[in-house]
Amino acid sequence: YSPRLDVLGTVEPAQDIVISPRVSGKVVELSPDFVPGGMVRKGDLLLRIDPSDFENALSIRESELKQAEASLAIEEGRVSLAKQELALLEESIDETNRALVLREPQLASIQAQVSAALAAVERARLDLQRTSVFAPFDAQVLNRSANIGSLVRPGDDLGQLVGIGQYWVMATVPVRSLRWVQFPAEDQPGSTVRLSDPDVWGPDTEREACVTRMFGTLDERTRLARLLITVPDPLGEQSSDPPLILDTLVDARIEGRPIENVVRLDREYVRDGDTVWVMKDEALEIRDVDIVFRDAQFAYIQSGLTDGEEVVTTTLSTVADGVGLRKVDGSAN
């Protein structure tokens, strides 16, 4: 039998970021979807910062690059002429003077200027691209802190996004129950989890999730083990599943590892002191049983009961070994 672990879990986002600009300027455009509750897709424009200054800076850097490239072309012509003059001197010049005659230091200096101008152009182009802020993944907007006309700078809070690809449910279970939880391995997924929220979804609606991993430490307050449960498509965009609401508490029923060679008995039939009443030869026999695990509904008994034995389910006025018993019709009053 697979035991069920009934726990509570808190819904949290798997991806949660605060959007910040990487350049300074005035906000000149906002996406109509960049509002609290809005849905955006990866690559969607969220807002645009005034690009005028950055366009001008790019034009200046491109002009500087052209000027450096022109200087390089002129210097390369001078080097070519110097090579021709050096050929007339044959081998009558040492290596130090040869480098000076060939204008190698001047050529290296101008080549460095061209490289610096190229880098400046790339930096200016990047700054211009960064005036447009895009959604990094499919997300829902939780809040927005910028408006048209806002002056922003790197590090400012523009808004908060949470990913809608999956949510997490953080649940806690007793340490003694961990051995019945299946964690993902190469050949099998984690334990299946059934989520429910009767107050919001109704009493008969559930969602499926799975156990992903266990935290490395216990909860400091409760001393319980903490599990991470992953819920795909949390807003039900690709199915008819009800949407999850962040920060809410949901009921999580974890399907545990199968327990072998046990008798599963309703917990109400386990009496005080882990005993079970058995009818044998029309008499009461009080059995001590070894219970491996208890979930919300059943006790899983490893020893003390065998197949075919009859468990007494009614409440008896006299409880002692050997008390005579008889069966009654279930329809009798």
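The exercises below work through strands, backbone angles and salt bridges in the structure above, each with a stepwise solution.

The model is predicted, so that local features need pLDDT of at least 70 and side-chain atom pairs count only at pLDDT 80 or more, while totals for chains, interfaces and linings use all residues. Residues are numbered from 1 along each chain as its sequence is written, and side-chain values use heavy atoms, with hydrogens and water left out.

**Exercise 1. Determine which strands make up the closed barrel, and where Val173 finds its bridge partner.**

Step 1. Begin with the terms: helices (H or I, at least four residues) and strands (E, at least two) are DSSP runs numbered from the N terminus, and two strands pair if DSSP finds at least two bridges between them.

Step 2. Follow the strand order, which runs S1-S10-S13-S12-S11-S14 in a closed barrel of six strands with antiparallel pairing. From one strand to the next the twist averages 40 degrees, where axes are lines fitted to C-alpha atoms, for helices over the stretch in contact, and angles run from 0 to 180 degrees between N-to-C directions.

Step 3. Take one pair from this barrel: strand S10 (residues 166-173) and strand S13 (residues 225-232) are joined in the antiparallel sense over eight bridges. Within that pairing, Val173 has Ala225 of S13 as its bridge partner.

**Exercise 2. Locate Arg223 and Asp274, and decide whether each is buried, partly exposed or exposed.**

Step 1. Fix the cut-offs: buried means under 20% relative accessible area, exposed means over 50%, and partly exposed lies in between (1.4 Å probe, protein chains only).

Step 2. Arg223 is found in the loop between strand S12 (207-218) and S13, and its phi is near 60 degrees, a positive value in a residue other than glycine. Because its relative accessibility is 52%, Arg223 counts as exposed.

Step 3. Asp274 lies in the loop between strand S16 (270-271) and strand S17 (275-280), with a phi near 55 degrees, again a positive value in a residue other than glycine. Its relative accessibility is 29%, and therefore Asp274 counts as partly exposed.

**Exercise 3. Count the salt bridges, and state which parts of the chain the Glu206 and Glu309 pairs tie together.**

Step 1. Apply the rule that a salt bridge is a side-chain nitrogen of Lys or Arg within 4 Å of a carboxyl oxygen of Asp or Glu; by this rule the count comes to 16.

Step 2. Consider a pair inside one helix: Arg123 forms a salt bridge with Asp127, the closest N and O atoms being 3.4 Å apart, and both residues lie in helix H3 (residues 104-129), four residues apart, about one turn of the helix. Arg123 is exposed at 51%, whereas Asp127 is buried at 16%.

Step 3. Turn to Glu206, whose salt bridge with Arg253 has its closest N and O atoms 3.1 Å apart. Glu206 lies in the loop between helix H4 (198-201) and S12, and Arg253 in strand S14 (residues 249-255), so the pair ties together parts that are 47 residues apart in sequence. Glu206 is partly exposed at 36%, while Arg253 is buried at 19%.

Step 4. Glu309 forms a salt bridge with Arg287, with the closest N and O atoms 2.5 Å apart. Since Glu309 lies in the loop between strand S20 (298-303) and strand S21 (310-311), and Arg287 in strand S18 (residues 283-288), this pair ties together parts that are 22 residues apart in sequence. Glu309 is partly exposed at 27%, and Arg287 is buried at 12%.

Step 5. Finally, Arg41, Asp138 and Glu237 are joined into one network by salt bridges that share partners.
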